[in-house]
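Here is a friendly walk through one protein model, meant to be read with the coordinates open beside you. Strands, a cavity and a few cysteines are the topics.

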Amino acid sequence: MDASPVVLAGRVLLPCGAERDCLCRLSQADEVYVVIGDAAATVGSRVICHVDGLGVIEASVTAASRGSLRLSVEGSPTHRGRLAMRLAWHRARLDGREDQRGASRVVPLDPTVDVTLADGTAVAARIADLSATGAALETVLRPPVDTALTVGRRRARVVRHTDAGVAVRFVLPLRPQDVSAGIRL
């Protein structure tokens, strides 16, 4: 049975010595998906993540793509057990939240998307879910509510901040028949 992912903010120390804000997505205690805006690491390199609410995670890079890393957690079985207990606590806290959106949502097969502000600032983000009217984005970019931006090629406005990033409403809704896992914004 797959556990629902927990997304938490943090900082990642990259092999080059640079430290960056990041979002860490964890479904289990031995693998972390990290979204970072402007830096990357090579497969096989070691990184250290300071994850809010979880602590320090030492890991090695197993996959790297534009703006994100997949990490394999290093540590003793005891360390992984403590991490698993903290993840369970976060899941239990998140399960109590009521979903306020009415439109049905999907998670795209390729969830990576560029987000661009009016001033040209751009970062890679991950689409947590998407509906005809908007999307939840996992991103280190947290512009103020009502900020105009572009998600891929779709114009949108920030409607709220989330633990993992922002929620946006599209200026022009998508056609319901276009909302599928194969969508590319």
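## Cavity, strands and cysteines

Strand E3 (31-35) and E8 each supply at least two residues of the lining of the largest cavity. Before going further, please keep in mind that this is a predicted model. The mean pLDDT of the protein chain is 85, with 91% of its residues at 70 or more. Among its elements, strand E10 (residues 148-151) has the highest mean pLDDT, 95, while helix H1 (residues 77-95) has the lowest, 80.

Back to the cavity. The structure holds one cavity of 30 Å³ or more, and the volume of the largest cavity is about 40 Å³. Which strand gives the most to its lining? That is E8, with three residues. The lining is made up of Tyr33, Val35, Arg66, Gly67, Ser68, Thr112, Ala124, Ala125 and Arg126. By class, four of the lining residues are nonpolar, three are polar and two are charged.

E8 also takes part in strand pairing. Strand E7 (residues 112-117) and strand E8 (residues 122-130) run antiparallel and are joined by five bridges. Within this pair, Asp114 has Ala124 of E8 as its bridge partner, and Ala124 is also one of the residues that line the largest cavity. The hairpin of E7 and E8 has four residues between the strands, and Gly120 takes a positive phi near 95 degrees there.

E7 has a second antiparallel partner in E10, through three bridges. Here Val115 is matched with Val151 of E10. Leading up to E10 is the loop from strand E9 (134-138), where Asp146 lies. Asp146 has a positive phi of about 80 degrees although it is not a glycine.

Now to the cysteines. How many disulfides does the structure hold? The count is zero. A disulfide would need two cysteine sulfur atoms within 2.5 Å, and the table lists two cysteines with the closest cysteine sulfur to each.

| Cysteine | Closest cysteine sulfur | Sulfur distance | Relative accessibility |
|---|---|---|---|
| Cys16 | Cys49 | 13 Å | 65%, exposed |
| Cys24 | Cys22 | 3.7 Å | 0%, buried |

Why does Cys24 form no bond with Cys22? Their sulfurs are 3.7 Å apart, which is too far for a bond. The sulfur of Cys16 is likewise too far from that of Cys49, at 13 Å. As for their surroundings, Cys16 counts as exposed because its relative accessibility is 65%, whereas Cys24 counts as buried because its value is 0%.

Conventions. Residues numbered from 1 in each chain as written. Predicted model: local features only at pLDDT ≥ 70, side-chain atom pairs only at ≥ 80, totals over all residues. Heavy atoms only, no water. Buried < 20%, exposed > 50% of the residue type's maximum accessible area, 1.4 Å probe, protein only. pLDDT = per-residue confidence, 0-100. Pairing = 2+ DSSP bridges. 1 Å grid on protein atoms, 1.4 Å probe; cavity = no way out; pocket = protein on both sides within 12 Å on 5 of 7 lines; lining within 4 Å. Points joined across faces, edges and corners; volume = space filled by probe spheres on them. Nonpolar A, V, L, I, M, F, W, Y, C, P; charged D, E, K, R; others polar.
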